[in-house]
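Subject: Handing over the structure

Hi there,

Here is the structure I promised to pass on to you. Have a look at it first, and then read on for what turned up.

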2 protein chains.
Amino acid sequence: MKSREVRFARRPEGGVGAHTFEVVETAIREPQEGELIIRNLWMSVDPYMRLPLTDMAGSSANRKIGETMLGDAVGVVVQSRNPSFPEGAIVVSRKGWREAYVSSGEDLEQVDPNVRSLSWYVGILGLIGITAFAGVEFVLQPQAGETIYVSAAAGAVGQVACQLAKRRGCRVLATAGSDEKVDWLMSEIGVDAAANYRTADVEAFLRQQCPQGLDIYFDNVGGRTLDAALRSLRVFGRAGVCGAISQYNSDNYRRGPEDFFSIIEKGLTVTGFSSRIYRARSGEILPPLRAMLESGELKWTETEVNGIENAPAAFASLFDGSNLGKVVVRLSEL
Amino acid sequence: MKSREVRFARRPEGGVGAHTFEVVETAIREPQEGELIIRNLWMSVDPYMRLPLTDMAGSSANRKIGETMLGDAVGVVVQSRNPSFPEGAIVVSRKGWREAYVSSGEDLEQVDPNVRSLSWYVGILGLIGITAFAGVEFVLQPQAGETIYVSAAAGAVGQVACQLAKRRGCRVLATAGSDEKVDWLMSEIGVDAAANYRTADVEAFLRQQCPQGLDIYFDNVGGRTLDAALRSLRVFGRAGVCGAISQYNSDNYRRGPEDFFSIIEKGLTVTGFSSRIYRARSGEILPPLRAMLESGELKWTETEVNGIENAPAAFASLFDGSNLGKVVVRLSEL
């Protein structure tokens, strides 16, 4: 049995691209006692995967050249010598970026196959759902009548954050990277106002929509967008920060906003969150998200890419803002 | 009647010094109907007064060359044609940096003369008390058993923050700029551990004292101290930021920490606060502080400077960390 996998081929100078990776074919050996073979169905590409590709001084978490990329995947057990995972079981793992592999059963989670799409497990019922839900429901807790601004609102996390905030009775302002996305946010997601950050002045948009100052900002973007949002928050406003995608292709993705001092002057509260630190609370997060999805209360949009050979380009495209919703890569049919 | 006042003479290149200001003698005119003459007893010098001396592009709040400096002062009414403020009344104003002046009665607050020292009104019963109390009691709310780190702990705000945190049952770690201050923090203020940041490695001190990571950081300093504290906070740790004195003499005092991204990774909460935005709650703050002072539960230490001619040097000295507690300038005796 053969499998293709994606390896880290060269450290990106500036932006990542398909050339950052190579697709390699490997042979899958027979499973030993206790092992099983998983054929992946869907894998995820996510912005955070960019971070260990940068050679940060002193970080031991850097991906090494030649290593296989890691990420969330959902697969099916196709051969098993492990009674916990029978053939046909659907499992979620951190062994994405490969078509098939031998697993010892460690770090596998068996999941309910009866969902509308198994791809949900690498998105709304995975890291993305955890991030968006924790940010809105645990961290920011927007109240009815408050105005919240969500950047990258047509992205994976943003689309969910917008809807959860609407559900809590907020007025939702959104930005995205194309006029089509702006239309979609207004008509499909139901935000109250939206702007294309490539053509509009975000700060002017926020000031026009909320002259008294934003109550809340949900940050997916960092950089200039975070700068504009901090300037637009009212006294005692709050910001939740879960990523800085605009900075990930730069030399120092860890840098902060230009005007940190506004946090002091306006008494702002800035709170970080990520799926990694809220994963422990997934039992409070995923069941309500699934119920909202199944009732149709929550819409979930994916951009599908087919075939592992297209995963590198799909990953690189995350940073040019060309996709709608969550980008998932289909590796095989069930 | 003559009065001396301090004017802003030249924009500081780098650090402020006595040469930044000039002391000018003026004549005090007779009060008209509704006016009164105030002779100031104490004036305050505070780090925030440094900010409008920097020529920040686009800021309309900059102090102009030749303008008289402003700041909190407590004075006595020596002549009055305003029935609300009889002669002998003690009043707090924002007209510091001058010995006497004619007031219309606007923006004056008449205060109780029966306190141990009237200088308290430009410190612990003024902006300093509001800042420290709001930071500990409203923003950070440290819980018994938590470990909190207070920087500039032997300064005006720091000494109060340390004691309020101890009172809530916290373990308090402190840094200050001399071995004498460290001894004083341990013996007089009762912190649990203290280090001299000029000779010790602050991050190593924090790691040694709290290997599992700080729960809370109370920031008075910004710059490298904030960097070290953010690195030392545990997951879900929180920081209160009320000033960045280490940055005020630099070109960009508004800059943030080196590693803003740690806020995301560790799920930190950073909240700003200042006396300006919590002044509206002074009714909840000043009575308990006064009760703690009078019962001896709260210690309050001042460094006294005599005479308005020494106010510029006293102000400049705030940035070299040479003073213990709050710096106050005595302008006259009651």
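In chain B of this predicted model, helix α1 (residues 127-140) packs against helix α8 (residues 282-295) with their axes 10 Å apart, at an angle of about 100°. Angles of 65 to 115 degrees count as roughly perpendicular, and α1(B) and α8(B) therefore fall into that class. If you would like to find the spot on screen, look for G129(B), I130(B), F133(B) and A134(B) on the α1(B) side; they meet S282(B), I285(B), L286(B) and L289(B) of α8(B). By class, the residues of this contact are six nonpolar and two polar, with no charged ones.

Next, the way the two chains sit together. A turn of 180° with a shift of 0.0 Å along the axis lays chain B on chain A, and the RMSD is 0.0 Å. The two copies are thus related as by a two-fold rotation axis. Which C-alpha of chain B is nearest the axis? That of V270(B), which lies 2.6 Å from it.

The contact between the chains involves 26 residues of chain B and 26 residues of chain A. On the chain B side, β12 (233-241), α6 (261-265) and β13 (269-272) each supply at least two residues. The side of chain B that touches chain A is made up of 14 nonpolar, seven polar and five charged residues. Since 100% of the interface residues of chain B are also interface residues in chain A, the copies meet through the same surface.

Within chain A, the domain assignment gives two parts: domain 1 covers 2-122 + 301-330, and domain 2 covers 127-277. Taken over C-alpha atoms, the centres of these two domains of chain A are 29 Å apart. How many residues bring the domains of chain A into contact? There are 15 in domain 1 and 13 in domain 2. The domain 1 side of that contact in chain A has five nonpolar, six polar and four charged residues.

Finally, a word on confidence. The average pLDDT of chain A is 95, and 99% of its residues score at least 70. For the complex, the predictor gives an ipTM of 0.94 and a pTM of 0.95.

Happy exploring, and do write back with any questions!

Best wishes

Note on methods. Residues are numbered from 1 along each chain as its sequence is written. Chains are lettered from A and ligands numbered from 1 in the order in which they are written. This is a predicted model: local features need pLDDT of at least 70, side-chain atom pairs count only at pLDDT 80 or more; totals for chains, interfaces and linings use all residues. Domain bounds come from an automatic or database domain assignment. Two residues are in contact if their C-beta atoms, placed from the backbone, lie within 7 Å. Ala, Val, Leu, Ile, Met, Phe, Trp, Tyr, Cys and Pro count as nonpolar, Asp, Glu, Lys and Arg as charged, and the others, Gly among them, as polar. pLDDT is the predictor's confidence in each residue, from 0 to 100. Copies are superposed by least squares on the C-alpha atoms of residues with pLDDT of at least 70 in both. Axes are lines fitted to C-alpha atoms, for helices over the stretch in contact, and angles run from 0 to 180 degrees between N-to-C directions. Helices (H or I, at least four residues) and strands (E, at least two) are DSSP runs, numbered from the N terminus. Angles under 35 degrees count as roughly parallel, over 145 as roughly antiparallel, 65 to 115 as roughly perpendicular and the rest as oblique.
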